[in-house]
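Subject: Structure for your review

Dear colleague,

Please find below the structure that I am handing over to you. My findings follow directly after it, and I would be grateful if you could read them alongside the coordinates.

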Amino acid sequence: SEYEGGHRVPFIVRWPGVVPPGVTSDVPVTTVDFFPTLLAAAGVESPQGVAIDGVDLAPVLTRSGNLARDSVFWHYPHYHPGGATPYSAIRHGKYKLIEYVEDRPAELYDLLADEGERTNLAEQSPEVAKDLLARLAKWREAVGAQLPTPNPSGKNGG
């Protein structure tokens, strides 16, 4: 799901001698961060010619610094029988913007004030929405994110 209730879960790490017990953080992380974190932990260089989407989480885990990014992105270019349609999203600071591929308008939420994503701020804060839409489009282009194409049969989904 594109909403917090569908993907906000605790991330627990046990790394004796590196991560102090009881460390907590509200920094958003995503599963694409696991690969670069494990590479760095093992002292292994990133493979040549392989794009690494995530970042090493060690600075947050060890309380030694910040992550090497200011936004988290995700992209769901599929139709799901349960009703989900293609979208992309960005989490930047306290804001999260969801952009739908089809004809639904973008949604903007202030996650600090509205963790349940009940109040869409896209019309109230058009400059914030415009900035996040631009960042999202730039990211999709940079990673070569695929968008759905029309089904020749005229049917959506699978």
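Contact here means that heavy atoms lie within 4.5 Å. Please note also that this is a predicted model.

By that criterion, and not counting residues up to four places away in sequence, Ser 46 touches Leu 39 and Ile 52. Ser 46 itself is located in the loop that runs between α2 (34-42) and α3 (58-61). The C-alpha atoms of Ser 46 and Phe 35 are separated by 9.3 Å, the two residues being 11 apart along the chain. With a relative accessible area of 41%, Ser 46 is partly exposed, because that class lies between the limits of 20% for buried and 50% for exposed residues.

Overall architecture

The protein chain contains 4 helices and 4 strands. Read from the N terminus, the order of these elements is α-α-α-β-β-β-β-α. The C-alpha trace spans about 55 × 40 × 30 Å along its principal axes. Of the 158 residues in the protein chain, 28% are buried. Its accessible surface amounts to about 10500 Å², and carbon and sulfur atoms account for 53% of that area. Where contacts join residues at least 6 apart in sequence, 44% of them are between residues at least 24 apart. The chain carries 14 positive and 20 negative charges, and the mean positions of the two sets are 3 Å apart.

Nonpolar cores

The largest nonpolar core has 9 residues: Ile 90, Tyr 95, Leu 97, Leu 108, Leu 121, Ala 122, Ala 129, Leu 132 and Leu 136. Both β3 (95-100) and α4 (126-143) supply at least two residues of this core. The greatest contribution is that of α4, with 3 residues. Apart from this core lies another, of 8 residues, which includes Trp 74, Ala 89, Ile 98 and Tyr 109.

Leu 136, a member of the largest core, merits separate mention. Leaving aside neighbours within four places in sequence, Leu 136 is in contact with Phe 73, Ser 88, Ala 89, Ile 90, Leu 97 and Glu 99.

Aromatic pairs

The count of aromatic pairs comes to 5. In one of them, the rings of Tyr 3 and Tyr 109 have centres 6.4 Å apart and planes at 75°, so this pair is edge-to-face. Tyr 3 belongs to the segment before α1 (4-7) and Tyr 109 to strand β4 (residues 107-110), so the pair ties together parts that are 106 residues apart in sequence. The two partners are covered as follows: Tyr 3 is partly exposed at 24% relative accessibility, whereas Tyr 109 is buried at 5%.

Another pair is formed by Phe 11 and Phe 34, whose ring centres are 5.1 Å apart and whose planes meet at 15°, so the pair is stacked. This pair also links distant parts of the chain, since Phe 11 sits in the loop between α1 and α2 and Phe 34 in helix α2, 23 residues apart. Phe 11 is partly exposed, with a relative accessible area of 40%, and Phe 34 is likewise partly exposed, at 33%.

Finally, Tyr 76, Tyr 87 and Tyr 100 form one aromatic cluster.

With kind regards

How values were computed
Residues numbered from 1 in each chain as written. Predicted model: local features only at pLDDT ≥ 70, side-chain atom pairs only at ≥ 80, totals over all residues. Heavy atoms only, no water. Buried < 20%, exposed > 50% of the residue type's maximum accessible area, 1.4 Å probe, protein only. Areas by Shrake-Rupley, 256 points an atom, 1.4 Å probe, with all protein chains shown as cover. Lys, Arg positive; Asp, Glu negative; His and termini not counted. Charge placed at Lys NZ, Arg CZ, Asp CG, Glu CD. Core = buried A, V, L, I, M, F, W, Y, C linked by side-chain atoms within 4.5 Å. Phe/Tyr/Trp six-rings, centres within 6.5 Å; stacked < 30°, edge-to-face > 60°.
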